[in-house]
Amino acid sequence: MTTNREAGVTRKTRHAGPSGWMAAPALAFFIVFAILPLLVALYLSFTNWDAISDPVWVGFDNWPKVLGDPVTITALLLSLKIIVFSWVVQTPISLLLGVFTAGRQRYRAILAAIFFLPLILSSAAIAIAFKAILDPNFGLGASLGLPFLNQDWLGDQNLILYVVVFIIAWQFVPFHTLIYQGGVRQIPASLYEAAEIDGANRWQQFWSITLPQLRYTIVTSSTLMVVGSLTYFDVIFVLTAGVPGSGIRILPIDMYITGFSANQMGQASVIAIMLCVIGLVLALGLTKFSGFTKMTSQQEGL
Amino acid sequence: MTTAATRRGSSARHRPNVLAGVGGFVWLAIIIIPIYYIVITSVRPQAGFFSSNQLIPAADSNLDQYALVLQSDFFLYLANSVIITVISVVVTVLVCIMAAYAIVRSNTRFVRATFGLFLLGLAIPLQATIIPLFYMLSKAGLYDTLAALILPSIAFAIPLTVLILANFIRDIPKELFESMKVDGTSNWRMLFSLVIPLSRPAIVTVGLYNALGVWNGFLFPLILTQSPDKRVLPLSLWTFQGQFSVNVPAVLAAVVLSTLPVFVLYVFGRRQLVSGMTAGFSK
């Protein structure tokens, strides 16, 4: 059970390491409820299933139907748009707030405690709150009587995308701020001290120490952000449910509507596989691309 | 100048950064206004809640809407949320500490493959599995049960939990294991008398983090349960919204009530909660 490298050590001691079977319960849970579903999704994608009777095998029928459907393409493009917009909005804000909250000043610690509050709210709570705030008739904008605040935020096709990007940012910037805060706090103080001796100002220090040192943090945060935005569901679902013809049919919503509203579970499974493949490709691509294959420290030797 | 700077850490960062301060307070406003709105509106009387400036607390603020929410089966949903959260977290932590221990202390091909699979699992989107899970759990007769929420919640919490715990256990000095081995301690005893006590901070952290995830989960309850007696809090918010409709103060009172337990956790365990969120990523 042990490799050659360890054999010498283990023979001397009375016990080998713990049995690999200790990992079995976790593995079993994970395989049955996370890996097996992916295979079942693949199977279902080759069937017609209305969620009531048994699935009927139809071979490749669903695949061209879904992949060739303009609705799917639109959903895919909209998902990509959300990913890009979310990244562009959230990354700079999170990075700056991360640096900000990493400071040891008292007022920053207090602000940080408030900044992280959205982390504890559920997506449903956030969506319902913003739905109330943004309501064109009963919301905050209407009550304050400010015309630029009083718009049909959720009903206007041109506005809703930005509203959603804003709410996603409101919800997830705190999390990424936290990641950046951790990253900034791991930058050795000696680097800044050296830079100050060299007369670098705060701006120069940010560009030539903080930012390069945060390289891996940026990759980690971006990966989580991109994959997260791809599969974003809860807030958009709650926010736009009951708003007719809302323009936020991103892939997961498309999957839900196809599966649970139109009862085309087979076609919805095709979208599920798409989501999974795109998610894996994005996650692995981003980590490979940046040479960040192991979750190890980037400060070896410092 | 140089010696002074070195002694004080960094003098540049001690000079107040006005721009950063302003930015910080702008973001504070963005975060706090919606939260303030939720709280202030939830205590507003339903009648005429719209007619006034909603940012100013109503003179006749009261807790009527809270009473209404509490009478609307709130405690049933609360109990359901508590049940699925506690069971999911306890099982997750238990199976993950065992797995993490095995991953750190044994080097078999099976264990390495398991860890590799978990790492890959970090990238599997939850949403992609919802239809097959719906199919599988229906076939197993578990649709519309709390177990249908617990089982996949555990599965999806495993990769990150194992990663965080393994990172932590790796830092336990090898000598401690070796000396216990010499004393003839079994691996199981080492798990309970060495690994678990020493990993307590990490266990608290992943426990809180996973609890938050299960507590706030919306997709699984939406798809995998149906009847009101299986409803959990996040889903109840959604149904309250339909039920109370234009009674916005009541809907927001439900939002506040559903967040209250986590808020208490946040106030008392912020450090652990917050460190748990990034423990797997920022190392």
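This passage looks at how chains A and B meet in a predicted model, and then at the second largest pocket.

The A–B interface comes first. On the chain B side, 107 residues are in contact with 108 residues of chain A. Put together, the two chains bury about 9500 Å² between them, and carbon and sulfur atoms carry 77% of that area. Salt bridges don't add up to much of a list here: the rule finds one across the interface. The partners are Lys139(B) and Asp54(A), with their closest N and O atoms 3.1 Å apart. As for composition, the side of chain B that touches chain A comes out at 70 nonpolar, 28 polar and nine charged residues. Polar contacts between the chains, counted where both residues have pLDDT 80 or more, come to five residue pairs.

Now for the pocket. The second largest one has a volume of about 1100 Å³. Its lining runs to 35 residues, and the ones closest to the centre are Val99(A), Phe100(A), Arg108(A) and Phe206(A), along with Asn17(B) from the other chain. Several helices chip in with two or more residues each: on chain A these are α4 (70-102), α8 (157-185), α9 (189-197) and α10 (202-213), while chain B supplies α2 (18-42). The largest share belongs to α4(A), which gives eight residues to the lining. Sorted by residue class, the pocket lining splits into 20 nonpolar, nine polar and six charged residues.

Technical notes:
Residues are numbered from 1 along each chain as its sequence is written. Chains are lettered from A and ligands numbered from 1 in the order in which they are written. This is a predicted model: local features need pLDDT of at least 70, side-chain atom pairs count only at pLDDT 80 or more; totals for chains, interfaces and linings use all residues. Side-chain values use heavy atoms; hydrogens and water are left out. Contact means heavy atoms within 4.5 Å. Buried area is the accessible area (1.4 Å probe) that two parts lose on being put together, summed over both. A salt bridge is a side-chain nitrogen of Lys or Arg within 4 Å of a carboxyl oxygen of Asp or Glu. A polar contact is a pair of N or O atoms within 3.5 Å; within protein, one must be able to donate a hydrogen and the other to accept it, and residues adjacent in sequence count only if both atoms are side-chain atoms. Ala, Val, Leu, Ile, Met, Phe, Trp, Tyr, Cys and Pro count as nonpolar, Asp, Glu, Lys and Arg as charged, and the others, Gly among them, as polar. On a 1 Å grid over the protein atoms alone, a cavity is a set of points where a 1.4 Å probe fits but cannot get out, and a pocket is an open set with protein on both sides within 12 Å along at least five of seven lines; lining residues have an atom within 4 Å of a point. Grid points are joined across faces, edges and corners, and a volume is the space filled by probe spheres set on the points. Helices (H or I, at least four residues) and strands (E, at least two) are DSSP runs, numbered from the N terminus.
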